Amino acid sequence: MRHWLNFFSKKEEQTSPVLDIGTSSVKGLILKRDKKGGISVLAGSLAYYDPFSVFAGGQFEREVVKRAVLKVVSDLEKKIGQRLEWKKAIVGLPADVFVAQIVSQTYRREKRGPINKSEAKKIIDKIQEQGKRNASQTYFKKRGILPKHLRVVGLRILKIRVDGYPVSDIIGLEGKELEFSLLITILPKPYLEKETKGLSPLLVLEEMGFKILQLTHEAEGLIGFLSQKPEGLFLDVGGEKTRIFLAKKGVLEKMQEFKVGANSFSRLLSEDLGLLENESRDLMHRYATGQLTEQSSQRIREFFEEAKRSWFSLLKEKLKKMKFGVFPSEILIFGGGAVLPEIRRVLENGNWEGISFVGQPKIRVLRPSDFIGRERLPLLLDDPQYFPVLLLAV
């Protein structure tokens with residue numbers, strides 16, 4: 001696989017596609033960065049897979065995803081009225097395979113005196129290697145893939161403490177106990193190697209003429225957003241999963257996830273009303289955006305009651321596992337499921353017994369305009385489901 005490069009040169013105006021290959025759909029954006037570094041969204045598109053859960057059981061159905069990518073590409077070019085240079089792309093991959101972990105590592109110094117540059121490099125190198133090994137072991141325990149078959153794609157230091165005090169750099173300090181928090185992203189090697197052709201969406205993209213400019217995890221993009229919103233409980237309610245990110249004082253502290261998302265609600269409509277998958281998605285969208293009669297909406301609320309309670313129960317279970325103490329009061333939700341009234345309602349009125357917040361939880365739906373400003377994107381794209389795609393470009 002080709003090297004990943006930095007996103008956009010700030011020296012000149014450039015346009016680039018962003019593709020988020022998820023577990024139930026492909027989403028795409030065309031971004032433009034001006035000479036001052038500001039980002040605008042020119043167009044967006046979405047194509048669902050058929051059937052649901054293309055990645056279920058770890059099997060990648062290349063033709064299904066290829067058709068979805070081609071549909072998104074064609075739609076984006078039609079919307080901007082020109083052919084685009086598709087030999088560069090910023091790409092996000094399914095949450096089931098491209099994983100981010102927060103790993104804590106401790107280093108105890110034996111030397112006396114201030115830490116110089118040479119010692120600092122040795123400490124950082126050792127901490128990073130230990131972090132990679134621990135993250136790979138965790139991936140193996142959860143997903144059964146041996147560490148030798150994994151590759152660390154990205155690693156960054158989130159925070160450092162020296163003898164219990166937060167610091168931005170260790171050079172010049174005389175502490176003994178150094179604690180590091182690392183964000184590490186991991187991908188199975190078969191997703192990067194040509195001899196396993198057919199298993200990887202990256203290789204399918206390469207066959208289609210794409211050059212991967214940058215492979216990004218949503219957690220990495222969220223760190224960029226923390227400069228605007230430094231504290232909160234961030235929930236990405238996706239198709240098949242809900243991801244939980246906890247941020248405090250501008251630092252990503254904890255992450256969790258569970259395998260229930262918006263598709264669980266959509267499938268209920270499909271099963272109970274005998275609808276096709278695309279019909280149930282359309283009905284759920286019309287319900288979420290207030291386009292149905294009160295009688296129809298009431299019936300759907302009844303269908304969704306059990307799924308709502310189940311989703312909330314799983315969320316609370318994961319929050320308790322974080323063992324964080326007191327959570328920030330602001331809960332920020334995005335992703336396709338963020339528009340569902342059930343999600344907002346249960347977060348506002350649910351029983352939070354056993355979980356402490358700084359104050360009464362306040363719910364806010366995040367949209368692309370919260371990131372780059374309303375004037376920098378088309379009206380129809382100011383949708384919570386495009387917020388994770390925009391994060392990938394940051």
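**The second largest pocket and two helices**

Strands E5 (99-108), E6 (150-162), E8 (177-188), E11 (242-248) and E12 (251-258), together with helices H2 (117-143) and H7, each contribute at least two residues to the lining of the second largest pocket. The model is predicted, so local features need pLDDT of at least 70 and side-chain atom pairs pLDDT 80 or more, while totals for chains, interfaces and linings use all residues. Residues are numbered from 1 along each chain as its sequence is written, and side-chain values use heavy atoms, without hydrogens or water.

**Pocket lining**
- The lining of the second largest pocket (an open set of points on a 1 Å grid where a 1.4 Å probe fits, with protein on both sides within 12 Å along at least five of seven lines; lining residues have an atom within 4 Å of a point) comprises 36 residues, and Gln101, Ile102, Lys142, Met255 and Gln256 lie nearest the pocket's centre.
- Strand E5 gives the most to this lining, with 8 residues.

**Helix H7**
- Helix H7 (a DSSP run of H or I, at least four residues; strands are E, at least two) covers residues 294-322, and its 29 residues reach 39 Å from first C-alpha to last, close to the 42 Å expected (1.5 Å times one less than the number of residues).
- Just after H7, Lys323 adopts a positive phi of about 50°.

**Helix H6**
- Helix H6, residues 277-288, reaches 16 Å between its first and last C-alpha, close to the 16 Å expected for its 12 residues.
- Ser280, Arg281, Leu283, Met284, Tyr287 and Ala288 of H6 are buried (under 20% relative accessible area, 1.4 Å probe, protein chains only).
- Viewed down the axis of H6, the buried residues fall within an arc of 165° (taken from the directions from axis to C-beta atoms), so they line one face of the helix.

Key. Buried means under 20% relative accessible area, exposed over 50%, partly exposed in between (1.4 Å probe, protein chains only).
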